[in-house]
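Work through these exercises with the sequence and the model open. Try each task before you read its solution.

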Amino acid sequence: MMTTGQTHLFIPGPTNIPEDVRQAMNVPMQDMRAPDFGELTKPLFAGLKRVFRTETGRVFMYPSSGTGAWEAAITNTLNEGDTVLMSRFGQFSHLWVDLAERMGLDVQAIDCEWGTGVPVERYAAVLEADKTHRIRAVFATQNETATGVGSDIPGVRAALDACGHPALLFVDGVSSIGSVDFRMDQWGVDLAVAGSQKGFMLPAGLSMLGVSQKALEASRSATMRRCYFDFVDMMKVNDDGYFPYTPPTQLFHGLKAALARLEAEGLENVFARHHRLAEGVRRGIWAWGFDLCAKEPKWHSDTVSAIVVPDEIDAREVIRIGYEKYRASFGTGLSKVMGRVFRIGHLGDLNEGTCLTALAIAEMALADAGARIELGSGVAAAQEWYRQVEVAQFAAKAA
Ligand SMILES: Cc1ncc(COP(=O)(O)O)c(C=O)c1O
């Protein structure tokens with residue numbers, strides 16, 4: 001069928017790729033063993049360290065989606081049978097637990113209500129009670145993409161420090177790093193996972209893993225089997241800008257352009273923009289009279305909003321209508337919340353117009369699906385917010 005105009009992508013990853021980033025990837029193939037290959041790759045490691053905000057750690061890049069970096073983090077630093085503390089409150093934190101169990105870890109998983117996040121106080125109590133330091137690692141999902149929930153990573157750090165617990169801190173930052181505040185060194189994060197297709201505004205296929213010196217030290221004695229993701233193979237060649245296997249050079253060119261964009265805007269401004277745009281979307285949702293899946297303001301995510309539809313509506317129908325009738329993709333409800341929520345991703349390359357279009361199309365799809373909402377109400381509420389509030393108001397706070 002002949003289509004006109006843009007097909008809108010309002011899912012929380014893969015996100016929209018800015019035109020200059022897309023063009024930057026349109027380059028001929030090149031020799032990944034050429035003497036000058038490091039000129040392309042070495043600045044990428046340095047740029048990623050700035051985004052992860054680590055000076056003392058290092059960053060690995062794997063040709064994989066984010067899940068690969070989850071696996072890399074675990075297999076390089078832990079041993080089969082190690083006890084680890086995790087929490088589950090959405091599909092991605094659930095999958096992380098699943099991966100850890102399949103890798104042979106003894107997972108102590110705290111199940112929390114979906115719509116809440118990392119249970120910092122419960123973590124503190126478990127860590128405090130672990131006098132023999134049996135727990136080797138603590139895991140925290142900074143942004144649960146399935147439910148639109150952000151969690152308090154400095155709080156987890158504080159819980160570890162309060163009882164002098166030496167466990168490694170693993171953070172899933174796949175849908176947060178590069179979009180919302182993240183400070184690897186300051187927050188004492190030992191392993192930080194990110195993926196190219198979210199805040200980095202790239203195609204899927206490149207995962208990034210921030211690794212602290214403490215985690216590198218742990219990797220020297222960790223016995224879990226690993227090959228493709230082994231830090232040692234990477235480190236042997238990374239410092240000169242090379243890789244132990246064929247790297248995705250086009251993605252590197254894209255990353256170079258994406259990092260240049262993030263640096264030109266300034267990370268504080270990137271975070272402030274995400275907050276301001278997200279708040280407009282939230283105000284739109286509330287103007288419809290709907291709730292977010294996130295139970296309280298402290299859980300609000302600045303990269304994705306999961307919207308609970310009225311009981312009589314099936315969220316899958318809203319998504320189907322949005323796609324088939326209005327050519328816009330919204331994120332579906334995953335697992336437990338399937339049919340109950342749909343999601344608007346608001347991360348990466350976007351502005352007021354993007355969010356207003358998402359709300360406007362969502363309103364039409366909701367109305368078509370039988371929801372009783374006033375057309376334009378959400379759009380108007382977001383418009384009011386965007387007109388009144390400048391990015392600069394939040395940038396100072398993020399600095
Ligand atoms: C928070 C979070 N963690 C992990 C993943 C898995 O990443 P990937 O699909 O890139 O393997 C995702 C994917 O959406 C995610 O949102």
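**Exercise 1. Place the ligand.**
Find which pocket the ligand sits in, and how much of its area the protein covers.

Solution. Start with the pocket. In this predicted model, the ligand sits in the second largest pocket. Next, look for polar side-chain atoms beside ligand oxygens. Ser 65 has one 2.5 Å from an oxygen atom of the ligand. Thr 145 also places a polar side-chain atom 2.5 Å from a ligand oxygen. For Gln 197 the distance is 2.8 Å. Each of these pairs can be checked against the 3.5 Å limit for a polar contact. Now take the cover. On its own the ligand has 390 Å² of accessible area, and the protein covers 87% of that.

**Exercise 2. Sort the shell.**
Divide the residues around the ligand into nonpolar, polar and charged, and name the helix that gives the most to the shell.

Solution. List the residues. They are Ser 65, Gly 66, Thr 67, Trp 70, Phe 92, Asn 143, Thr 145, Asp 172, Val 174, Ser 175, Gln 197 and Lys 198. Sort them by class, with Gly counted as polar. The shell then holds 3 nonpolar, 7 polar and 2 charged residues. Last, assign the helix. Helix H3, residues 66-77, gives the most, with 3 residues.

**Exercise 3. Classify a ring pair.**
Decide how the rings of Tyr 228 and Tyr 245 are arranged, and which loops hold them.

Solution. The structure holds 17 aromatic pairs. Take this one. The ring centres of Tyr 228 and Tyr 245 are 4.2 Å apart and the planes meet at 10 degrees, so the pair is stacked. Now locate each residue. Tyr 228 is in the loop between helix H7 (213-221) and helix H8 (231-238), and Tyr 245 is in the loop between H8 and helix H9 (249-265), so the pair ties together parts 17 residues apart in sequence.

**Exercise 4. Check the backbone.**
Find where the cis peptide bond lies, and which loop holds Met 201.

Solution. Check omega. At the bond joining Gly 13 and Pro 14 omega is about 0 degrees, and the peptide is cis. Pro 14 belongs to the loop between strand E1 (8-10) and helix H1 (19-24). Then check phi. Met 201 is not a glycine, yet its phi is positive, about 60 degrees. Met 201 lies in the loop between strand E9 (191-195) and strand E10 (207-211).

Note on methods:
Residues numbered from 1 in each chain as written. Predicted model: local features only at pLDDT ≥ 70, side-chain atom pairs only at ≥ 80, totals over all residues. Heavy atoms only, no water. Near = heavy atom within 4 Å. Polar contact = N/O pair within 3.5 Å; in protein donor to acceptor, adjacent residues only side chain to side chain. Areas by Shrake-Rupley, 256 points an atom, 1.4 Å probe, with all protein chains shown as cover. 1 Å grid on protein atoms, 1.4 Å probe; cavity = no way out; pocket = protein on both sides within 12 Å on 5 of 7 lines; lining within 4 Å. Sits in = over half its atoms within 2 Å of the grid points. Helix = DSSP H or I, 4+ residues; strand = E, 2+ residues; numbered from the N terminus. Phe/Tyr/Trp six-rings, centres within 6.5 Å; stacked < 30°, edge-to-face > 60°.
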